[in-house]
Amino acid sequence: MSELVLNWGIAAAGKISQDFCTAIKAVSLANHNLHAIGARSLERAKEFAQKYDMSKYYGSYDELIADDKVNIIYVGTTNNTHREICLKAIAAGKHVLCEKPMTINTSDLEEVLKAAEDKGVFFMEALWTRFFPIVEKFKEACTNGSIGDIKYIISNFMVPINAVERLKEKDLGGGGLLDIGIYPIQMVCFLMDNEKPLKISASGHLMSSGCDEAVAISLLYSNNRTAVINMSTNCVQYARTSVIGTKGLVEIPDFSWCPVEFIKSDKSVHSEKLPDCPPTNFTNSVGLIFEAEACREAISKGLKQHHLASHDNSRLIHHIIQESMKQLGCQY
């Protein structure tokens, strides 16, 4: 029996789509075919297709979705368009890997997930961090007893991006929480085994446009456990995650959204080199191959979701995001 080949249709020719394709080509990922690109500009789609040796290019997302050979759509468009493109792809019977955030509110999220479940196609929010092999080892180091019982988690993502136009536009689903805050939130959820917090408390600052600029979130859990998430779009990069227990701590010193090392409780450093890759727009984007292969493996087994980024995982992450945005006064 031949192995499943994913014939990718890439929706949008922006920076993250470029990195996704660069990563797959860099490692010659087996059973992954970059088949077609759809963009709002036919000329831009043509340039993208030539760069990544794609067979087809289209000047609209509808034409891309209509391509019979495409069996999975990668959605790399702006946040505000995710719902519409996902629903159209699902209706056409395509599997979907949608960049985070999969939607800009929980009602849209439920609509997309129900559509995927009813149609019987695979759907996953692109929580790529969870598929880095080192992240599973990081969690094991936090839960193997070496630091005792986990009592406190601090996860940060700060980076100076508040001048980026799309982040300032509510119509585009802008703001820091949906763009980068989702990373420390998903990390805490992952480490807490996707347990729903007892209480969510958020405070922060808004941009003049009404989008969130900086947020501090406190999550209270059972058994006297606490997590604190700090997100800012207006200061230098700082993306450390610290997991503190009754006997010690384990930390990712930086780049928690795409880590290559962590510090164990005995102060030794565990590091893992990523595959070689040409320059990308964003840090460590070659790691996008891990989520791409996770999709193929799950679909090959007939699964409609992946246990590391399940539909309920996305529900919990977005529950925390939306409650925090509500408290800040910037819901969509």
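**Notebook: the interface of domain 1 and domain 2**

I began with one side-chain pair and found that R315 and E110 form a salt bridge, with an N to O distance of 2.9 Å. I note that the model is predicted.

I then looked up how many such bridges cross the interface of domain 1 and domain 2, and the rule finds two. For polar contacts across this interface I recorded 10 residue pairs, both residues at pLDDT 80 or more.

Next I asked which elements of domain 1 give two or more residues to the side that touches domain 2. They are α5, residues 106-119, and β6, residues 123-126. I noted that α5 provides the largest share of that side, with five residues. By residue class, I listed eight nonpolar, five polar and four charged residues on the side of domain 1 that touches domain 2.

I turned to the domain bounds. The assignment places domain 1 at 6-127 and gives domain 2 two segments, 133-271 and 307-328. I entered 17 residues from domain 1 and 14 residues from domain 2 as taking part in the contact. Taken over C-alpha atoms, the centres of domain 1 and domain 2 are 26 Å apart.

Last, I looked up the buried area. Between domain 1 and domain 2 it comes to about 1,600 Å², and carbon and sulfur atoms give 58% of this. Which three residues supply more than any other three of the area that domain 1 buries against domain 2? I found K100, I104 and L127, which supply 30% of that area.

Definitions and conventions:
Residues numbered from 1 in each chain as written. Predicted model: local features only at pLDDT ≥ 70, side-chain atom pairs only at ≥ 80, totals over all residues. Heavy atoms only, no water. Domains from an automatic or database assignment. Contact = heavy atoms within 4.5 Å. Buried area = accessible area lost by both parts, 1.4 Å probe. Salt bridge = Lys/Arg side-chain N within 4 Å of Asp/Glu carboxyl O. Polar contact = N/O pair within 3.5 Å; in protein donor to acceptor, adjacent residues only side chain to side chain. Helix = DSSP H or I, 4+ residues; strand = E, 2+ residues; numbered from the N terminus. Nonpolar A, V, L, I, M, F, W, Y, C, P; charged D, E, K, R; others polar.
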